[in-house]
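Subject: Structure handover

Hi,

Here is the structure we talked about handing over. Please open it alongside this note.

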Amino acid sequence: MADTMQGLKRTHYCGEVIEAEIGSEVVVSGWVQRARDLGNLIFIDLRDRTGVVQLAFGDQTDREIFEKAAGVRSEYVLMAKGLLRKRESVNKEIKTGEVEIFVTDLRVLAKSETPPFEISDTVNVKEELRLKYRYLDLRRSVMQQALMARHRIVKIARDYFDRNGFIEIETPVLIKSTPEGARDYLVPSRVHPGEFYALPQSPQLYKQLLMLAGYDRYMQVARCFRDEDLRADRQPEFTQIDIEMSFVDENDVMTMNEGFIKKVFKEVLGVEVQTPFRRIPYDEAMDRYGIDKPDTRFGLELCNITDIVKNTGFKVFAGATGEGYSVRGINVKGAAATLTRKEIDKLTDFVKTYKAKGLAFSRYTADGVSSSFEKFLTPEEVAAIHERMGFEEGDVLLIVADRNKVVFDSLGQLRNHLAKMLHLYEEGTYDLLWVTDFPLFEYDEDEGRWTAMHHPFTCPKLEDVDKLLSDPGHTYARAYDIVLNGVELGGGSIRINDPEIQTKMFEAIGLTDEQAQERFGFLLNAFKYGVPPHGGMAYGLDRLVMLMLGKETIKDVIAFPKVQNASDLMTDCPSPIDQKDLDVLHIKVAE
């Protein structure tokens, strides 16, 4: 039978006993990290979320307590009272390494079976096993530190926005499905047979309604849901730091959020970030980096050589010089020794995953230039490419010729891949910037229509309002994304507050008046009653914590994440539901 806590009350966390208190009596509690029985001496490392402290037992220890300590194993739950004293063998690896507790009362509050893996920061087991026993994985110091840092970031956000006049307001989790964007998670209604709620992909419409309702400055730490394929920085359920402001323009929103980022980096990491952040227009970001969330800690900028090869006899290049196509490349300076032909073949396979048909190359070594394409060009064309791309001995040129989307996707990702592979940036640095002036629309090849690049409530730039219907491909938005080390931390826009512009926006994306009313009628009706100019943005909290702590995946900063197929290995969900429960919801599962 387990001991009880009766008569004892914790006075200190394990990691918070200090030398200044040597000679005092302390009571600690936690889990056994390690027990060492040396015969006449026993040492137990006791762990809680603040750290580890050593418990000591020796000749002067009561025999009953000594024998109890001898039976302790890893992950037992203990409470111990004793005298804090100077440790003979100092351990510089832990913050309590100068002291130990000579135990005078020991309680075994719970025993533990041998865990399926060692509870250690250096444990090397498959992620699937750690997630199946996530409650054990969460005992590891590295996980506890991550979740405590996440807590701190959320608290800083709430305090910062509160001091700046924002009101935290919760918005509904069961909402109307508005199929624009990612796929909704749907919830069947028992009392409305055949009808469904959706879980929110974001609080977008509600926060706009709060602006209309006069709340002026809103924030929320909001749970959001998207039924989409997962990746390292994406989960089906995630958390946003969501804000909205009235009577503002883009500069107001960006300046307010720069202040938040500056504060959170200073208080959590002790890092001073410089404000204001750089601002790069979308078109410039794509032209220079091939991606709308550029990492500018390194070079490898794209170079456009379309004009040089537009009349070439090499069909691969000449066929990619028309409207919407281009020939572009990057010069990997000094990489010829590393990027062998074998490595370039691997890079070719890499860009093919982004629909590129191939990767043209030139390598300049001491033996001369070897190239997959130069023999098909004239000497003048080759010389012009070399000059424009700054090709010198030791360099490697990598070129893609295709539709602009394919060129940008493949080279933008290749650029990031090479930077990581060749260690082109310093770890522990933070590259913060804004990408601004996004296109308002993007063309959906599958549906054969224009869709909103962000959402259909994003305000066009004032000078582009007349292009909404006549030239949607050249219409730009009052939208902005904040980027950290090549990852989008968050984004937002100034919203449409003119019903006439909103009607044109719906028409441009192919929604009839009836469809717009059916999907967004409650918002459109509300907008008849005086809408202030407003705008805002939302951060992906999980991504922010992941990047600040240098983690590889957001699963390492979420307590109970899902895996690649959106299942939870610990609780074994999703799982089948009894037909009687489905009958109540008027649902039948198809074979």
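Below is what was found in it, starting with the sheet.

Keep in mind that this is a predicted model.

**The sheet**

There is an open sheet of eight strands, with mixed pairing. Its order is β6-β9-β10-β22-β21-β20-β17-β11. Two strands form the edges: β6 (167-168) and β11 (278-281). Each of these pairs on one side only.

Helix α5 (residues 204-212) packs on this sheet. Its contacts there are β9 (217-225), β10 (237-246) and β22 (534-540). The direction of α5 makes about 20° with that of β10. Helix α6 (residues 250-269) lies across β9, β10, β11, β17 (432-436), β20, β21 and β22. It runs at about 30° to β22.

**Strand β10 and its partners**

β10 is worth a look in the viewer. Nine of its ten residues are buried, so the strand is largely enclosed by the rest of the structure. β9 and β10 run antiparallel and are joined by nine bridges. β10 also pairs with β22, again in the antiparallel sense, over seven bridges.

Q240 is a handy residue to select. In β10, Q240 stands opposite A222. In β22, its bridge partner is G540.

Further along the sheet, β20 (residues 479-484) and β21 (residues 487-494) pair in the antiparallel sense. Six bridges connect them. One pairing to check is L484, whose bridge partner in β21 is V487.

**Nonpolar cores**

In soluble globular proteins, nonpolar side chains tend to be buried together. Here, the largest nonpolar core has 104 residues. Which of them touch the most other members? They are F260, I261, L398, L414 and L418.

Take L414. Leaving out residues up to four places away in sequence, L414 touches I330, L347, F350, V351, L359 and L398. A second, separate core holds 24 residues, including V28, I44, L46 and L84.

**Cysteines**

How many disulfides are there? The count comes to zero. C224 shows how a cysteine can miss out: the closest cysteine sulfur, in C573, is 19 Å from its own, too far for a bond. The cut-off for a disulfide is 2.5 Å between the sulfur atoms.

Is C224 buried or exposed? C224 is buried, with a relative accessible area of 0%. C14 also counts as buried, because its relative accessibility is 0%.

Best wishes

Definitions and conventions. Residues are numbered from 1 along each chain as its sequence is written. This is a predicted model: local features need pLDDT of at least 70, side-chain atom pairs count only at pLDDT 80 or more; totals for chains, interfaces and linings use all residues. Side-chain values use heavy atoms; hydrogens and water are left out. A nonpolar core is a set of buried Ala, Val, Leu, Ile, Met, Phe, Trp, Tyr and Cys residues joined through side-chain atoms within 4.5 Å. Buried means under 20% relative accessible area, exposed over 50%, partly exposed in between (1.4 Å probe, protein chains only). Contact means heavy atoms within 4.5 Å. Two strands pair if DSSP finds at least two bridges between them. Helices (H or I, at least four residues) and strands (E, at least two) are DSSP runs, numbered from the N terminus. Axes are lines fitted to C-alpha atoms, for helices over the stretch in contact, and angles run from 0 to 180 degrees between N-to-C directions.
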